[in-house]
Amino acid sequence: MTDIKPKAVRRLGDVVFANLAFFAGVSILATLATVAAFLFAQSVPAFTGPPIDAASDGFLSYVIPFVFGTVYASLIGLAIATPLAVGIALYISHFANRRFAQVLGYAVDLLAAIPSVVYGLWGILVLAPFLSPTFNWLNENLGWIPIFAGQVSATGRTMLTVGIVLAIMVLPIMAALIREIFLQTPRLHEEAALALGATRWEMIKMAVLPFGRPGIISAAMLGLGRALGETMAVAMVLSPAAVVSFAVLTSTNSNTIAANIALQFPEAGGNYTNLLIATGLVLFAITMVVNMFARWVISRRAEFSGAN
Amino acid sequence: MTAQLNSSFRGTQDLPKWLSPTLLVGFFLASFGFQVLLASGGETAEINFIPVAVFGLLGFSVALYVISRVIEGVRKATDRLVTIMVSTAFSLALIPLISLAYTVVTKGVARFDAEFFTFSMRNVVGGGGGALHAIIGTIEITGIATLISVPIGIMAAIYLVEYGRGTIARLVTFFVDVMTGVPSIVAGLFAYALFVIFFGPGVRMGLGGAIALSLLMIPVVIRATEEMLKIVPNELREAAYALGVPKWLTVLKVVLPTSLAGIATGIMIAIARVIGETAPLLLIAGFTASMNYNPFDERMMTLPVFVYTSYANQGVDMQAYLDRAWAGALTLMLIVMVLNLVARLISKYFSPKG
């Protein structure tokens with residue numbers, strides 16, 4: 001054997017193109033790092049500069065009500081959205097007939113395309129007045145439950161309204177993801193269950209739900225990530241106060257980080273701006289953790305990667 | 001054990017088909033009638049549809065479950081109950097969609113006129129005025145964001161599908177997914193933090209909005225392009241290599257044209273997603289009542305921010321401001337719908353057949 005090693009020709013075009021593609025890919029990592037770095041750099045003056053009136057008790061006591069509001073509103077939204085999303089996904093994947101199901105899928109996807117400012121407008125001018133009588137009823141009859149206690153808001157601009165709006169907003173993405181997973185249930189499992197005489201619900205309980213459970217969890221986490229960062233709908237609907245309060249029907253609600261930034265930023269000056277950026281950095285950190293956990297759960301089962 | 005067996009085999013009869021819809025209609029009518037009675041008796045001020053729906057549904061579920069349990073047995077009864085619950089979940093999700101569409105259209109048409117599309121808000125107090133300045137701003141800012149995102153997004157997707165192997169590619173894939181979850185307001189803060197370095201505190205300009213939007217748009221473009229490149233059959237690439245075509249020309253002349261329709265669809269959907277973004281534009285592009293064609297200088301109005309500020313800063317003639325907000329919302333919804341429709345049409349008519 002003579003030692004002939006065929007050597008690939010390194011064309012200039014190949015090198016340039018491959019490097020361009022490589023840099024585009026790496027720029028994603030660089031961008032995320034830059035976002036964190038710039039937000040951090042711009043947060044620093046909030047701590048080193050002159051004291052800020054809005055946060056006279058220090059940064060922590062300023063940001064904690066907002067962190068609480070962000071998490072609380074998102075969790076309410078998630079608690080409403082998750083069972084509904086599972087129901088919708090089941091309906092489209094296993095209950096509706098195939099042709100109808102496709103149209104329904106589009107309809108749910110349409111919900112995802114509606115801008116958040118439109119949700120905000122609808123939430124404040126339509127949903128809040130519509131829910132207000134129900135809030136009164138809840139307060140009168142279930143007021144002994146702490147979260148329903150307190151003076152009911154007359155406008156309906158409460159934490160519960162925000163939770164419902166957030167639920168509607170994260171529903172499409174969660175339903176779409178869970179539906180994809182339910183559709184991937186091995187056909188043989190389903191048919192085996194049915195052949196053994198299971199009813200449709202028993203088949204779902206035995207074959208579909210166990211298969212889809214990690215998917216439901218990760219969809220809920222992605223929905224949570226969305227809800228945490230949602231800005232305009234919350235800013236428009238909620239009547240805010242800087243308190244930590246579990247009551248969902250009153251007009252003193254803990255604002256969310258994102259909504260607080262949107263409301264304060266346009267008028268902010270000096271290092272108040274930097275303070276708001278610092279709260280934004282906190283939000284960025286929270287959503288990063290939630291999203292990374294969700295993606296990690298998904299990536300453990302690669303077949304679920306159709307997240308978008 | 002015997003008892004269990006008995007109960008699970010009890011009732012081999014099926015319920016007649018007409019029973020369940022009849023029960024449904026019956027209970028809703030009864031529940032509605034009860035509310036009407038309450039209202040006429042002065043117990044409640046007006047008919048509230050939430051209790052009508054809740055009690056109608058509750059009555060229907062209980063009745064159907066009991067009847068089915070007696071006649072068909074417990075297993076089928078549970079199945080019927082779950083079917084009711086799942087269908088309810090689905091109808092609940094459709095209610096906001098219908099309500100939103102109805103409200104936006106009925107309230108939006110009041111000011112959906114020629115003046116709305118030909119005037120800005122300069123020197124307008126009360127009625128009249130329009131959103132031309134906002135529409136121009138939205139077109140320019142979204143256009144620039146698209147110009148930034150599309151090349152980066154497509155090249156990054158090419159890297160992931162055609163070149164990327166090993167740790168870096170895995171990292172990029174992971175962080176693209178994570179990037180889709182970056183809150184839009186953080187993107188706005190980032191653009192501000194970036195521009196403050198060059199232009200000083202309080203900076204507002206359209207270009208910043210474009211930067212913020214492209215941060216949100218790039219991951220969507222990458223995902224869509226990646227999916228499309230992945231379904232290009234390997235045989236096409238191998239055929240090109242066999243003819244001696246270099247890899248970069250294979251990608252440019254074979255792979256990309258094959259998946260172009262799908263990529264265009266993905267870009268359309270990405271545009272539709274960012275065109276409604278409000279928060280980042282509120283922070284960095286700001287708001288103004290005047291025309292501004294120059295994205296490199298001064299505040300620039302955009303359509304979502306127009307909707308927000310019309311609602312938030314209502315003037316003396318409140319209704320005029322609200323009408324403009326709804327008209328803006330209707331315009332925005334129509335733009336998003338059209339973009340989605342165009343995306344579907346592109347993928348339907350231009351994708352490779354066979």
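This report describes a predicted model of two chains, A and B, beginning with their interface and ending with individual residues.

## The interface between the chains

In this predicted model, chain B brings 76 residues into contact with 74 residues of chain A. On the chain B side, helix 4 (residues 74-108) supplies the largest share, 20 residues. Sorted by class, the residues of chain B that touch chain A comprise 56 nonpolar, 14 polar and 6 charged.

## A crossing of two helices

Two packed helices are described by the angle between their axes and the distance between the axes. For helix 1 of chain A and helix 11 (residues 247-275) of chain B, the axes come within 7 Å and cross at roughly 65°. Helix 1 of chain A is therefore roughly perpendicular to helix 11 of chain B, since angles of 65 to 115 degrees count as such.

Helix 1 of chain A makes this contact through A:Gly13, A:Asp14 and A:Phe17, while helix 11 of chain B contributes B:Lys247, B:Trp248 and B:Leu249. The residues in the contact of these two helices are 3 nonpolar, 1 polar and 2 charged.

## Helices that are not straight

Helix 11 of chain B also departs from a straight line. Its 29 residues would reach 42 Å in a straight helix at 1.5 Å a residue, but the end C-alpha atoms are only 36 Å apart. A bend of about 60° is found at B:Leu260 in helix 11 of chain B.

Two helices of chain A fall short of their straight lengths as well. In helix 7 (residues 200-229) of chain A, which has 30 residues, the end C-alpha atoms are only 38 Å apart, whereas a straight helix would reach 44 Å. This helix 7 of chain A has a kink of about 50° at A:Arg213, shortly before the proline A:Pro214. Helix 4 (residues 116-142) of chain A has 27 residues and end C-alpha atoms only 32 Å apart, short of the 39 Å of a straight helix. The kink in helix 4 of chain A is about 45° and is centred on A:Gly123.

## The buried residues of helix 4 of chain A

The residue at the centre of that kink, A:Gly123, is one of the buried residues of helix 4 of chain A. The buried residues of this helix also include A:Ser116, A:Val117, A:Tyr119, A:Trp122, A:Leu127 and A:Phe135.

Which helices do the buried residues of helix 4 of chain A pack against? Within chain A, the partners are helix 5 (159-183) and helix 8 (232-237). From chain B, the partners are helix 4, helix 13 (303-312) and helix 14 (318-349).

## Two buried residues of chain A

A:Gly163 is placed in helix 5 of chain A. A:Gly163 is buried because it has 23 C-beta neighbours inside 10 Å, and 20 or more are required. Apart from neighbours within four places in sequence, A:Gly163 is in contact with A:Ala73, A:Ile76, A:Gly77 and A:Ile80. A:Gly163 and A:Ala81 are 82 residues apart along the chain, and their C-alpha atoms are separated by 9.3 Å.

A:Ala262 belongs to helix 9 (residues 257-264) of chain A. With 26 C-beta neighbours inside 10 Å, A:Ala262 is likewise counted as buried. Leaving aside neighbours within four places in sequence, A:Ala262 is in contact with A:Thr231, A:Met232 and A:Ala235 of chain A, and with B:Ile185, B:Ala279 and B:Leu282 of chain B. A:Ala262 and A:Ser93 are 169 residues apart in sequence, and their C-alpha atoms are 39 Å apart in space.

## Residues in loops

A:Ala54 lies in the loop between helix 1 (12-48) and helix 2 (59-95) of chain A. Is A:Ala54 buried or partly exposed? A:Ala54 is partly exposed, because 13 other C-beta atoms lie within 10 Å, a count between the limits of 12 for exposed and 20 for buried. Not counting residues up to four places away in sequence, A:Ala54 touches A:Tyr62 and A:Tyr272.

In chain B, B:Asn123 is found in the loop between helix 5 (114-118) and helix 6 (132-163). B:Asn123 is exposed, with 9 other C-beta atoms within 10 Å. Its phi is near 60°, a positive value in a residue other than glycine. B:Glu298 lies in the loop between helix 12 (279-284) and helix 13 of chain B. B:Glu298 is partly exposed, with 14 other C-beta atoms within 10 Å. Phi of B:Glu298 is near 65°, also a positive value in a residue other than glycine.

Conventions: Residues are numbered from 1 along each chain as its sequence is written. Chains are lettered from A and ligands numbered from 1 in the order in which they are written. This is a predicted model: local features need pLDDT of at least 70, side-chain atom pairs count only at pLDDT 80 or more; totals for chains, interfaces and linings use all residues. Two residues are in contact if their C-beta atoms, placed from the backbone, lie within 7 Å. Helices (H or I, at least four residues) and strands (E, at least two) are DSSP runs, numbered from the N terminus. Ala, Val, Leu, Ile, Met, Phe, Trp, Tyr, Cys and Pro count as nonpolar, Asp, Glu, Lys and Arg as charged, and the others, Gly among them, as polar. Axes are lines fitted to C-alpha atoms, for helices over the stretch in contact, and angles run from 0 to 180 degrees between N-to-C directions. Angles under 35 degrees count as roughly parallel, over 145 as roughly antiparallel, 65 to 115 as roughly perpendicular and the rest as oblique. The expected span of a helix is 1.5 Å times one less than its number of residues. The bend at a residue is the angle between axes fitted to the seven residues ending there and the seven starting there.
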